[in-house]
Amino acid sequence: MALYDLDHINIRTANLENMTKFYAEVLGLTLGDRPAFQFPGSWLYCGDKPVVHLVEDASSSKPDTIQLEHFAFKAEGLAETLETLNAADAPYVSRLVPGRPIRQVHAEDPDGNHIELQFAADEEADPALLNE
């Protein structure tokens, strides 16, 4: 597997509207296109790249708790990655992003931090390892 770019951060928020305004109006990011996920949120762009993904979650209103849900890397080598995760008994789930040419693999590090690895949707791997 080769990681080649930090893709985005994902933040849970009980205040989607205020958070969206902050990242757009205060930090100067641009509110932009977001896939048709089954949960509310917004994507904010730096140039043509969606770098901040906000996800509305009413249960995330803990003022002294960091709400960073995950971080994501762009990657290559889907088959090798799934084999490595499987051999390490590391739990993961993969899915295709609706309307985008991306396959996500969601895994956790040993401390339970959520990591997303993004592969091209057309990368092939053993269907038994996809854990969709």
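In this predicted model, Q104 stands opposite Q118 in β8. That pair is a way into the β7–β8 pairing. The two strands run antiparallel and are joined by seven bridges.

**Pairings around β7 and β8**

Strand β8 (residues 114-120) also pairs with β5 (residues 68-76). Here the sense is parallel. F71 faces I115 of β8 across this pairing. Strand β7 pairs with β6 in the antiparallel sense. Opposite L96 stands R103 in β7.

| Strand pair | Sense | Bridges |
|---|---|---|
| β5 and β8 | parallel | four bridges |
| β6 and β7 | antiparallel | five bridges |
| β7 and β8 | antiparallel | seven bridges |

Strands β6 and β7 form a hairpin. Five residues lie between them. G99 sits in the turn, with a positive phi of about 75°.

**The whole sheet**

These strands belong to an open sheet of eight. The order is β2-β3-β4-β1-β5-β8-β7-β6, and the pairing is mixed. At the edges are β2 (30-32) and β6 (92-96), each pairing on one side only. From one strand to the next, the twist averages 30°.

**The helix on the sheet**

Helix α2 (residues 78-87) packs on the sheet. The helix touches β5, β6, β7 (102-108) and β8. Its direction makes about 20° with that of β7.

How enclosed is β7 by the rest of the structure? Buried here means under 20% relative accessible area. Five of the seven residues of β7 are buried, so the strand is largely enclosed.

Notes: Residues numbered from 1 in each chain as written. Predicted model: local features only at pLDDT ≥ 70, side-chain atom pairs only at ≥ 80, totals over all residues. Heavy atoms only, no water. Pairing = 2+ DSSP bridges. Axes fitted to C-alpha atoms, helices over the stretch in contact; angles between N-to-C directions. Contact = heavy atoms within 4.5 Å. Buried < 20%, exposed > 50% of the residue type's maximum accessible area, 1.4 Å probe, protein only.
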